[in-house]
Amino acid sequence: MTDGQGISRRALLGTIAAAGVATVALTAGQSFGVLAPLNVFAPRVQGDGPQGVPVNMTAKAAGVLSSARAADWALTVRNGDRTETLDRASLSGLPQARATLPIACVEGWSTTAQWGGVRMRDLLALVGAPSGATLLISSLQPRGAYRRTTMGPEFAEDPTTLVALTLGGQTLDLDHGYPARVIAPGRPGVLQTKWLASIEVIPG
């Protein structure tokens, strides 16, 4: 059966299906290294980027080149009137953990890497955060839709959720969130806040 213009329904559906397969094939290289040669339209390639991990937003684009490198940088962790201010040396002096976690971007790419740092739940314990707390996490970014995000207790209490200081055993690259960033299982990349400024318990 045709539509009157000389093209059959079967042909039309076949064309749509072929286009879908082609799009997947030509972008899959950003997540699967073996398919990298086919990565025609995708914006990122697996393994391409600082420390072998792609970057969506650079420190320059985020406007944090100076603030992230500032000698007086410190992470503020707050629960009501209890506050801890921790510079990188202080964070490095706390018990460290490692987690191999994927990071997935809204652009469509994903990759898995080994992150190291302080468990979020350990930082919250320093300020006496209650069980089931929801967090407000702020970045050094001066603007942007994701400069502040919230994190529910299902992530905050997960032992693999880290305030990460290292990636692949090396100090975080500036474009990956130096001096410290969030990495948690199952959260989109835009919510894995980079260039941390503060973590605050939202009053229940």
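**View 1. The whole chain, with five helices and 10 strands.** Helices (H or I, at least four residues) and strands (E, at least two) are DSSP runs, numbered from the N terminus. This is a predicted model, where local features need pLDDT of at least 70, side-chain atom pairs count only at pLDDT 80 or more, and totals for chains, interfaces and linings use all residues. Residues are numbered from 1 along each chain as its sequence is written, and side-chain values use heavy atoms, with hydrogens and water left out. Of the 204 residues, 37% count as buried; here buried means under 20% relative accessible area, exposed over 50%, and partly exposed in between (1.4 Å probe, protein chains only). Take the contacts (heavy atoms within 4.5 Å) between residues at least 6 apart in sequence: 58% of them join residues at least 24 apart.

**View 2. Looking at the largest pocket.** Its space comes to about 430 Å³. For the record, a pocket is an open set of points on a 1 Å grid over the protein atoms alone, where a 1.4 Å probe fits, with protein on both sides within 12 Å along at least five of seven lines; lining residues have an atom within 4 Å of a point. The volume is the space filled by probe spheres set on the points. The lining takes in 28 residues, and Asn56, Met57, Gly189, Val190 and Lys194 lie nearest the centre of the pocket. Both α2 (59–62) and β3 (97–104) chip in with at least two lining residues each. Sorted by class, the lining has 15 nonpolar, eight polar and five charged residues. In that tally Ala, Val, Leu, Ile, Met, Phe, Trp, Tyr, Cys and Pro are nonpolar, Asp, Glu, Lys and Arg are charged, and the others, Gly among them, are polar.

**View 3. Gln141 and Trp195, two loop residues in touch.** Gln141 sits in the loop between β5 (134–139) and β6 (148–151). Leaving aside residues up to four places away in sequence, Gln141 touches Met57, Ala62, Val64, Arg147 and Trp195. Gln141 counts as buried because its relative accessible area is 10%. Trp195, from the loop between β9 and β10, is buried too, at 1% relative accessibility. Trp195 also has a positive phi of about 55°, although it is not a glycine.

**View 4. A salt bridge from β10 to β1.** Glu200 pairs with Arg78, and their closest N and O atoms are 3.9 Å apart. Glu200 belongs to β10 (residues 196–202) and Arg78 to β1 (residues 75–79), so the pair ties together parts that are 122 residues apart in sequence. A search of the whole structure turns up one salt bridge, using a cut-off of 4 Å from a side-chain nitrogen of Lys or Arg to a carboxyl oxygen of Asp or Glu. Both ends are partly exposed: Glu200 at 30% relative accessibility, and Arg78 at 28%.

**View 5. The β1–β2 hairpin.** β1 and β2 (residues 82–86) run antiparallel and are joined by five bridges; strands pair if DSSP finds at least two bridges between them. Arg78 has Thr83 as its bridge partner in β2. Two residues lie between the strands, and Gly80 in the turn has a positive phi of about 60°.

**View 6. Backbone oddities in two loops.** Tyr178 and Pro179 are joined by a cis peptide bond, with omega about 15°. Pro179 is in the loop between β8 (170–171) and β9 (181–183). Gln51, in the loop between α1 (9–27) and α2, has a positive phi of about 60° without being a glycine. Gln51 is partly exposed, with a relative accessible area of 28%.
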